[in-house]
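Work through these exercises with the structure open beside you. Try each task before you read its solution.

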Amino acid sequence: MTDSGIVGDIYHRLESIYTYREPETLMHLAERLAQRVGGGPSNRSESHQSKWTEKTCLLITYADSIKAEGKSPLGSLSEFISEYIEDEINTIHILPFYPSSSDDGFSVIDHTVVHDKFGDWSQIASLSKNKVIMADVVLNHGSRESAWFKQFLVGEKPGADYFFSPDENFDLSKVVRPRDHSVLSPVNTPGGQRLLWCTFSEDQIDFDFSNPDVLEQFIGIILGIVDQGIRILRLDAVGYLWKCDGSSCLNLPETHAIIKLIRFITDLYDADITLVSETNLPNHENLSYFGNGNEAHWIYNFSLPPLILNSLLFADSEALRSWSMSMPPALEGTSYLNFLSSHDGFGMRPTEGILTESQRSLLLNRLEANGSLFTWRHVSTERKSIYEANITLFSALEKTDDDPTGIYQIERFIAAHTILFCLEGVPALYINNLFGSRNDTPGAKKSGINRRINREKFSMEWVRNCFEDSGSKESLLFSELKRLLKLRAQQAAFHPNATQFTLQLGSHLFGVWRQSSDRKQSIFAITNLLSDDVILDLSEINLINTESWMDLIQNKKFEIGKRRLRLEAYQSVWITNNA
């Protein structure tokens with residue numbers, strides 16, 4: 001029997017989305033959704049605050065990032081994780097593993113199955129026994145090869161009404177675009193030519209969420225993915241869901257209302273589920289996806305990657321420091337998701353209002369000198385701007401004006417991760433960064449897809465050879481990243497929601513003070529951004545003389561009364577009173 005209270009709660013949330021729909025229609029939909037949920041809470045014994053700790057860390061990977069002869073890609077990935085990824089990384093984000101026609105998985109044909117070229121659901125279930133699995137739900141758009149789109153082309157239900165086709169009077173003048181192609185693509189249907197909305201590519205047709213049936217289908221998809229053992233759901237490109245005549249068609253109230261409904265339903269279905277919004281937007285817009293603690297549990301810290309690059313490439317912490325000081329603590333039961341790079345490029349929109357045009361220009365020029373390609377977007381009909389820089393993290397940090405030959409490339413790379421690991425939020429590492437992957441420029445040019453510069457795939461044999469050679473660049477980087485993560489996982493002050501204050505240490509240093517929730521542990525995490533030694537005046541960080549202090553990274557105690565500390569080029573310290 002369906003709980004009438006839950007039906008009413010769902011109905012009121014539907015009302016806030018579909019203000020123009022008949023109450024009877026919405027009530028029937030609310031009853032169907034409540035029945036699918038199962039009529040009541042299934043697991044509410046603990047709050048989401050306890051779902052992540054200082055031990056929580058993500059690995060971002062494609063299903064086929066690691067390949068081994070005689071094994072499916074998911075089998076190879078599982079083997080890699082079993083051999084090399086211990087407790088320092090407890091969560092695996094497997095990028096779209098569904099059948100897809102383009103965009104390296106993000107033009108989804110069917111969310112209900114695993115593409116047979118990767119493996120099957122049983123292999124994901126096997127992975128989920130030892131690791132938390134995060135998967136994508138590509139809400140905004142679907143593939144031209146999907147069954148729904150084929151139904152649309154012939155006017156057959158249900159797909160005939162699933163894709164967004166604005167009329168000829170729809171005002172596009174304020175639409176905010178992430179790409180530079182035309183937003184409308186013509187197709188022939190039994191009723192004549194229709195224009196279809198394509199935010200990202202002509203193979204990725206935007207769904208029409210003004211049709212409640214589309215929302216119902218996706219809620220079914222989401223719960224079906226949960227049934228397969230997935231515990232973290234990444235809502236891809238969610239900011240573009242709703243289209244409204246004469247608006248930006250981005251971050252509209254109906255979009256936020258849809259996320260609130262999904263959150264409400266997933267909380268009812270399984271309180272262990274974590275929702276993550278993927279919104280590569282200016283910082284203040286991105287923050288809105290926390291809602292009042294009733295939308296995403298985690299939001300990506302999209303401003304962080306370009307700001308860390310800017311700090312290390314120009315030995316200047318000012319922009320990163322100012323941004324860090326302005327960031328509000330995450331609401332209870334929510335967290336930031338911090339990362340340095342991912343399968344996409346370094347987004348430039350998240351730097352709006354943080355970097356000046358001059359700083360952005362200098363950063364992009366330096367990245368171009370280090371081998372970056374660029375993806376553009378339309379700002380207006382007359383003007384384009386760079387949407388993202390396409391480059392690997394290791395190559396992005398290769399050379400600076402002060403280090404034109406790249407002597408300190410590895411030190412900069414480690415320093416970037418050391419900053420990542422100390423900040424408020426959950427850290428995420430892209431698998432290619434475990435190996436210090438360089439630009440795959442031939443792969444990008446051959447495919448015509450700039451993002452493939454950072455999507456190189458690796459054989460298990462190559463990985464083993466690299467890691468067995470203790471002197472290889474890959475082995476050195478991997479060992480140091482794992483060591484830092486193991487240290488981090490033991491510090492209560494590095495809990496994702498532990499207190500954070502940004503330190504004022506001048507332009508060549510970046511530092512934060514973290515304090516555990518029980519106030520027993522403090523950590524001063526400080527990094528030298530310069531390719532030269534810097535003297536840190538310890539009086540500036542107020543180390544209490546009655547306590548003993550040590551640097552966790554070097555496992556070295558401080559002498560009582562020591563007032564000055566020399567930091568070598570790109571060196572980091574984690575100074576704590578309670579190791």
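**Exercise 1.** Which residues does histidine 417 touch, not counting residues up to four places away in sequence?

*Solution.* First, the ground rules. This is a predicted model, where local features need pLDDT of at least 70, side-chain atom pairs count only at pLDDT 80 or more, and totals for chains, interfaces and linings use all residues. Residues are numbered from 1 along each chain as its sequence is written, and side-chain values use heavy atoms, with hydrogens and water left out.

Step 1: find histidine 417 in helix 13, residues 409-422. Helices here are DSSP runs of H or I with at least four residues, strands are runs of E with at least two, and both are numbered from the N terminus.

Step 2: look for contacts, meaning heavy atoms within 4.5 Å. Histidine 417 touches Leu340, Leu393, Leu429, Asn433 and Leu481.

Step 3: check the accessibility. Histidine 417 has 1% relative accessibility and counts as buried. Buried means under 20% relative accessible area, exposed means over 50%, and partly exposed lies in between, with a 1.4 Å probe and protein chains only.

**Exercise 2.** Describe the surroundings of strand 9 (residues 232-236).

*Solution.* Step 1: count the buried residues. Five of the five are buried, so strand 9 is largely enclosed by the rest of the structure.

Step 2: sort them by face. Ile232, Arg234 and Asp236 lie on one side, Leu233 and Leu235 on the other. In a regular strand the side chains alternate between the two faces of the sheet.

Step 3: find the partners. Two strands pair if DSSP finds at least two bridges between them. Strand 4 (residues 132-138) runs parallel to strand 9 and is joined to it by five bridges. One bridge links valine 137 with leucine 235. Strand 10 also pairs with strand 9 in the parallel sense, over four bridges. Here arginine 234 has valine 276 as its bridge partner.

**Exercise 3.** In what order do strands 13, 14 and 15 lie in their sheet?

*Solution.* Step 1: read the order. The open sheet runs 13-15-14, with antiparallel pairing.

Step 2: find the edges. Strand 13 (346-347) and strand 14 (373-378) each have a single partner strand, so one side of each is left without a neighbour in the sheet.

Step 3: check one pairing. Strand 13 and strand 15 (residues 384-390) share two bridges. Phenylalanine 346 has its bridge partner in strand 15, alanine 389.

**Exercise 4.** Locate aspartate 272 and glutamate 456, and state how accessible each one is.

*Solution.* Step 1: take aspartate 272. It sits in the loop between helix 7 (253-269) and strand 10 (274-277). Its relative accessible area is 25%, which makes it partly exposed. Arginine 231 is 41 residues apart from aspartate 272 in sequence, and their C-alpha atoms are 6.6 Å apart.

Step 2: take glutamate 456. Its loop lies between helix 15 (441-447) and strand 17 (458-459). Glutamate 456 is partly exposed, at 30% relative accessibility. Beyond four places in sequence, glutamate 456 touches Asn432, Ser437, Arg438 and Asp440.

**Exercise 5.** How many helices and strands does the protein chain have?

*Solution.* Step 1: count. There are 17 helices and 25 strands.

Step 2: add the burial. Of the 579 residues, 60% count as buried.

Step 3: add the extent. Along its principal axes, the C-alpha trace spans about 80 × 50 × 50 Å.
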